[in-house]
Amino acid sequence: MPVRNVVLTGFMGTGKTAVSRELSHILGMKLVDIDAEIEKTAGKRIADIFSESGEAVFRDLETEAIRRCARTGGQIISTGGGAVLRQENMEALRGNGLVFCLDASPGTILSRTSGSSERPLLQTPDPLRRIIELLEYRRPFYEKAGIMIDTEKKTPLQVAEEIAERYRADTQG
Ligand code: S3P
């Protein structure tokens, strides 16, 4: 039987990148980062795609990368925070994987994302306000994305171990 992917979704700063690295070690599965795939294909950084071409173009590149990467099994797939917004993204990811959604409070998200200029959506004078607004709009999408995992006050390794356990139970189950 083909090995299903482990897919990580969740808002920016919920720890997808750090947790996916730990998971890749624990489960011995290749790591695929959708943002990195987009940057590779476009030959540009995410921030430059947003500033030069706009969010709509970025979302199309994201859908294309997800469709391509989801075809292969046996991988840890880490998505960008907005991947949940398009139903076709989630259908492609679910079709070949078990989807988890990482969660954290706005304050924790702010402290994990501050100091980085990599996230165009949070480049505003009041990033906490933006985080709260975006989370409010996206909450229903995250809730139906997959198995919700609270990351508050946990290390990436602890979160990865929790996910690996759920994945193994589900796969053997
Ligand atoms: C985005 C999240 C980012 C990146 C882009 C848009 C979003 O990824 O895909 O800046 O819409 O939430 P991370 O969640 O890995 O920061």
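A residue counts as partly exposed when its relative accessible area falls between the 20% under which it would be buried and the 50% over which it would be exposed. Keep those two limits in mind while touring this structure, which is a predicted model.

**Stop 1: Thr41**

Begin by selecting Thr41, which you will find in helix α2, the run of residues 34-42. With a relative accessible area of 49%, Thr41 is partly exposed, because the class of exposed residues begins over 50%. Now display the side chain together with the backbone of Glu37: a polar atom of the Thr41 side chain lies 2.8 Å from the backbone oxygen of Glu37. Before leaving this helix, add Leu61 to the selection and check the C-alpha atoms, which for Thr41 and Leu61 are separated by 8.6 Å, although the two residues stand 20 apart along the chain.

**Stop 2: the ligand**

Next, select the ligand and the residues around it, of which there are 13, with Lys16, Asp35, Arg59, Arg119 and Arg138 coming nearest. Three of the side chains can be taken in turn. For Asp35, look for a polar side-chain atom placed 2.8 Å from an oxygen atom of the ligand. For Arg59, the distance between an N or O atom of the side chain and a ligand oxygen is 2.6 Å, and for Arg138 the corresponding distance to an oxygen atom of the ligand is 2.7 Å. If you then switch on a surface, consider how much of the ligand the protein covers. On its own the ligand has 390 Å² of accessible area, and 95% of this is covered by the protein. The space that the ligand takes up is also the largest pocket.

**Stop 3: the aromatic pairs**

Hide the ligand for a moment and turn to the aromatic rings, since the structure holds three aromatic pairs. Select Phe11 and Tyr142, whose ring centres are 6.3 Å apart and whose planes meet at 80°, so that this pair is edge-to-face. Phe11 belongs to the loop between β1 (5-10) and α1 (16-27), whereas Tyr142 sits in helix α7 (residues 127-145), and the pair therefore ties together parts of the chain that are 131 residues apart in sequence. Both Phe11 and Tyr142 are buried.

Move on to Phe50 and Phe58, where the ring centres lie 4.9 Å apart and the planes are at 40°, so the pair is classed as tilted. Phe50 counts as buried at 15% relative accessibility, and Phe58 is likewise buried, with a relative accessible area of 4%.

**Stop 4: Val6 and His25**

Select Val6, placed in strand β1, and note that this residue is buried, its relative accessible area being 0%. With Ile163 added to the view, the C-alpha atoms of Val6 and Ile163 are found 8.7 Å apart in space, while the two residues are 157 apart in sequence.

From there, select His25 in helix α1. His25 is exposed, with a relative accessible area of 65%. The residue to display beside His25 is Ala160: their C-alpha atoms are separated by 9.6 Å, and 135 residues separate them along the chain.

**Stop 5: two loops**

Select Glu118, in the loop between α6 (106-113) and α7. At 40% relative accessibility, Glu118 counts as partly exposed. A distance drawn from the C-alpha atom of Glu118 to that of Leu102, 16 residues away along the chain, comes to 20 Å.

Finish at Lys153, which lies in the loop between β5 (147-150) and α8 (156-172). Which backbone angle deserves a look in Lys153? It is phi, which is near 60° and thus has a positive value in a residue other than glycine. Lys153 counts as exposed, at 81% relative accessibility.

Key:
Residues numbered from 1 in each chain as written. Predicted model: local features only at pLDDT ≥ 70, side-chain atom pairs only at ≥ 80, totals over all residues. Heavy atoms only, no water. Phe/Tyr/Trp six-rings, centres within 6.5 Å; stacked < 30°, edge-to-face > 60°. Helix = DSSP H or I, 4+ residues; strand = E, 2+ residues; numbered from the N terminus. Buried < 20%, exposed > 50% of the residue type's maximum accessible area, 1.4 Å probe, protein only. Near = heavy atom within 4 Å. Polar contact = N/O pair within 3.5 Å; in protein donor to acceptor, adjacent residues only side chain to side chain. Areas by Shrake-Rupley, 256 points an atom, 1.4 Å probe, with all protein chains shown as cover. 1 Å grid on protein atoms, 1.4 Å probe; cavity = no way out; pocket = protein on both sides within 12 Å on 5 of 7 lines; lining within 4 Å. Sits in = over half its atoms within 2 Å of the grid points.
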